[in-house]
Every structure is written in C-alpha cells, then in structure tokens.
Amino acid sequence: MADRSNVDVLVVGAGMAGVCAAIAAARGGARTVLTDRYAFLGGNATAGLLGNFLTFHNMKGEQICDGIPQEIVDELIKLGGAFPEGHLHNAYGNSYSVTPQDGEVLKLVNQKLCLEAGVDLVLNTYTIGPIMDGDRVAGARIVNKSGESEIRAQVVIDASGDADIAAQAGAPFHLGDEEGKMMSISLFSRMGNVDLDRHIQHVKENPYNFMLGEDPYIGKSREEIAAGLRTHKDYPLVTGYYESVKLAQSRGEFHPNRQRVVFSITTIPGVVTINSTSMLGYSGIDNDDLNQVAIEGREQVFKVRDFYRKYAPGFEECYVVDSASAIGVRETRRIIGEETLTDEDCIEARKGPRDIGQGAYCLDVHQPTGVIEHKHVRDGEAYGIPYGVMLPQKIENCLVAGRPVSSDRFANGSVRNQAHIMTIGQAAGTAAAMCVERRTTPHELPVEPLREKLRQDGAVV
C-alpha cells in the first residue's frame, strides 16, 4: 500500500468540485491525493446521471466559467462526450447555456486529467472523519478493502458535498431552512427510444405548457421563443408539461411532489436524461432517510416513465435505460465561513476584490413543500464568488469546495450548480497548492496572488 502518511493536499470527494480542486492542486506542484467512495470520478455528474453542466455563461452570453472546467468540456468534445458546440444556447431561460455531457465519457476525461496532473487516486474508499491537531485539520481517516488507514496532509479540501469533514472537525454550519427542512431530493434516470422531433413540434404548438424565457432579461414571450425553435438542440433542457402534470395528478397517475417535469437531451440519439422524481421531507445527511429515498425514488422512476409515455408526444414507446447510482441531494449543510455569499449579492450581481470566480444561474430553491421558487440575477449579469466562502470558521487548514460553501439559502440554490462548483474547485485547489508553497494557511493566504494565478490558468475571476 502506498505511503500517504504525509502528502501536501488531500481532497475528500471526487465530485466535479473535488476533481477540479485535485487537478489544480497537482498542477500547482502539490503532492495531491483524491479520495472517493465510487470506483470512478464525477459525483453527481456521473454517478448521479446529471447529464449536463449549468451554466458557463451569464444571460448576456458572456463566458464566466473557464480554465479547468472548460478543459473538461474540450476533452469531452474530443471523445464524443459532448456536442461539437460544447455549450448549447438554452431556451428555457434560467441559464444562457446548457452543456450536455455523457457521464461515461466524463468518467474517462476526469480520470485522464487527474492522472496527467499527477493526482494520486484513492477510490472505493470511505472517509471516516478528520484527523485533528487542536483546531487544525491534519488529514482524514479512511476505510476500504485494505482496511482502515490515515492520510495526513498539509492542507485538506472538503469536497464531500455535505461538508462532512468540516462539520466533524467542529466548523459551524446552517442546515436547510429556518426549521432545518431541506430541499426535495431527486433520483435521475435516462430513457431511450424518444422521438425528439415530435416533442419539439409539440412545444412549438403548445408554448404555454413549457418554461420558455423565464428570466425577465430575455424580454421575449413564450410564443416568440417557441416560434424560433428549429430542433431539439435549441431547447436542450426542457421544463414544463404543467397542464399535463396537473391532469395526471388529478387522475392519480403522477406523484404530487412537483408541478412540472424536466428532461435534457443527450449526445446519444433517442436518449434523454430525466429529472422528474421528487422526494420530500428527507435529510441528505441521515442514512435512514437516504435508504427510504432510494426505495421511493426507484419506484417513482417507473411511474414517471408511465407519465411520459401517456402525456409527452414522442415518448409513447420510451423505456428506462438506467437509473442513477447516486441520489440527487440538493441541499444539506452550508458552512458559516469567513465571508458569506448572500441572496442580495447574487440578485444584485455584486462583485468584489476578493472574488475567485463568478456565478450566474438563477437562485433555484426546491422548497420542502414541493414548490419551486426562482429569483434572477439582475440585467443578465453575473455575481462574484468571494474567496472566504470556502473558509470555515473555528477550524484551520481546511477549504470547503462545492455545494456547502458559506451562502444564504437562495444564493446556495444558484452557486450549487455544476459550472459554479467547478469554478470553486479550481480556486480551492490552486489556493491549497499556494499554501503549501508559501507555508501558510488558507485563512492567511493573500487573495490577490491567488486571483492572479487563477487568471494565468484561464479562470474568470
């Protein structure tokens, strides 16, 4: 077994935030270890069958996510795991672009870029908890087929998706809404044998039944947008069938937990990714709840299939290709950090001198009641993501990357999206490598040199 008793950077969790963090840290000269419970990389983007990245652009069409995340898209294109255009303009109007990706190809791309950078992959591995030296996170205890062991590191990046390491180390956090209730949980699936030409014709003839151009910045009616649709690639992320869902619910043919269905196109002809299940009242950090979600979710997958067959033109003979290995948890912990991304910061498109990236997706909250609420970034702009949202209070030597960054609840509904967490991941990995080189801590690292290094590496800060 390899000696990992004293590495430079440990990244816990190989979702897309962790992947980008590990690549950045290793490229920065740090001896980097990346751990994950699966035998592959990508988290919800692969195991969760997410099917696309949102959003590399603000609503003006300006690219706000670049650097390592764009490298990943470029590699996907080369290997046929994304469309030749990469980013497709999105008619539904909560993000300018959608980037469909094939999860199987993404597994290979993530692995390739990590190994080329020199990342030490420790897969099939669960992290038990942090190793503490006073208030300093000094590594993590892990368990796998080889038994229990420790990985000690100069800097630890918690990319677990739920701030597991930071929370166990004593960092304060918020959990869900004011009552501790969390957003709905979904289980994604893919369906095959879908006639998307028939579907898009139905959208053109029934625009009232779909979300088209919701962001006020777009300034076009649903009818105007629908009239401009030519092929399914013009509407890659479909949201709607409102009237159909209402009718099916009245007949007992669809679960009552959401008012619309969502699916996205894939690079595979006739195959779509389905986001239409919804489990309410569960916690993403309670294992008994997660067990029940898995059971309920897989039952819903086939009921959702029946809904599409009956109510969605082009889906009459569709079938379930597969369902996700990972459960789609939208919300758990949000650390209380040195800085907090607020709802107003996002809505007002605020930027500042400590920003390490930008975000632009709508503030998307799936309430515990099943109601989905959206707020929008003003004037088609982007907001800045400050460095301090990754720095948990009360503990040292730990950066949090991904969904659990320090943020208000609606702000988290935006920053949790894939392009944004990849941006944060690159910043976390870059900062960790700089801390090792400078022999300093993440809290003490000056921000401007970090921003300059990110610019040099292609990121938009």
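Before we begin, one definition: two strands are said to pair if DSSP finds at least two bridges between them. Please keep that in mind while we look at the chain, which is a predicted model rather than an experimental one.

Let me start with confidence. The chain averages a pLDDT of 97, and 100% of the residues score at least 70. Among the elements of the chain, helix α1 has the highest mean pLDDT, at 99, while strand β21, residues 372-375, has the lowest, at 94. As a general caution, predicted coordinates should not be read in detail where pLDDT is low.

Now to the pairing of strands. Strand β7, residues 126-133, and strand β8, residues 136-144, run antiparallel and are joined by 7 bridges. If you would like one position to find on the screen, Gly129 stands opposite Arg141 in β8. These two strands form a hairpin with 2 residues between them, and in the turn Gly134 has a positive phi of about 70°. On its other end, so to speak, β8 goes on to strand β9, residues 147-158, and the two pair in the antiparallel sense over 6 bridges. Which residue of β9 is the bridge partner of Asn144? The partner is Gly147, and the hairpin that joins β8 to β9 passes through 2 residues.

A second set of strands deserves a careful look. Here 5 strands form an open sheet in the order β13-β14-β15-β12-β16, with antiparallel pairing. Its edge strands are β13, residues 237-240, and β16, residues 319-323, each of which pairs on one side only. On average, and with direction ignored, neighbouring strands of this sheet are turned by 30° against each other. Within the sheet, strand β12, residues 189-192, runs antiparallel to β16 and is joined to β16 by 4 bridges, and Gly192 stands opposite Tyr319 in β16. Helix α8, residues 287-311, lies across β12, β14, β15 and β16, and runs at about 150° to β16.

Let us turn to the helices, beginning with α1, which takes in residues 16-27, and α3, which takes in residues 103-117; their axes come within 8 Å and cross at roughly 20°. Angles under 35 degrees count as roughly parallel, so α1 is roughly parallel to α3. The crossing in which α1 passes α3 is left-handed. On the α1 side, the contact is made by Met16, Val19, Ile23, Ala26 and Arg27, and on the α3 side by Leu106, Asn110, Leu113, Cys114 and Ala117. Sorted by class, the contact of α1 with α3 has 8 nonpolar residues, 1 polar and 1 charged.

What, then, is the angle at which α1 crosses helix α11, residues 418-438? Their axes cross at roughly 30° and come within 7 Å, which means that α1 is roughly parallel to α11 as well. This time, however, the crossing is right-handed. From α1, the residues Met16, Ala17, Cys20, Ala21, Ala24 and Ala25 meet Gln418, Ile421, Met422, Gly425, Gln426, Gly429, Thr430 and Ala433 in α11. By class, this contact of α1 with α11 has 9 nonpolar and 5 polar residues, and no charged residues.

The third pair brings α3 back, now with helix α2, residues 68-78: the axes of α2 and α3 come within 10 Å and cross at roughly 125°, and the two helices are therefore oblique to each other. Their crossing is right-handed. The contact is made by Ile72, Glu75 and Leu76 of α2, together with Val105, Leu106, Val109, Asn110, Lys112 and Leu113 of α3. Counted by class, the contact of α2 with α3 has 6 nonpolar, 1 polar and 2 charged residues.

I will finish with two details of the backbone. In general, most residues other than glycine have a negative phi, and most peptide bonds are trans. Where in this chain do we find a cis peptide bond? It joins Leu54 and Thr55, with omega about -20°, and Thr55 sits in the loop between β3 and α2. The other detail is Ala163, a residue other than glycine whose phi is positive, near 55°; Ala163 lies in the loop between β9 and α4.

Notes:
Residues are numbered from 1 along each chain as its sequence is written. This is a predicted model: local features need pLDDT of at least 70, side-chain atom pairs count only at pLDDT 80 or more; totals for chains, interfaces and linings use all residues. Side-chain values use heavy atoms; hydrogens and water are left out. Axes are lines fitted to C-alpha atoms, for helices over the stretch in contact, and angles run from 0 to 180 degrees between N-to-C directions. Angles under 35 degrees count as roughly parallel, over 145 as roughly antiparallel, 65 to 115 as roughly perpendicular and the rest as oblique. A crossing is left-handed if the near helix is turned anticlockwise from the far one by less than a right angle, and right-handed if clockwise. Contact means heavy atoms within 4.5 Å. Ala, Val, Leu, Ile, Met, Phe, Trp, Tyr, Cys and Pro count as nonpolar, Asp, Glu, Lys and Arg as charged, and the others, Gly among them, as polar. pLDDT is the predictor's confidence in each residue, from 0 to 100.
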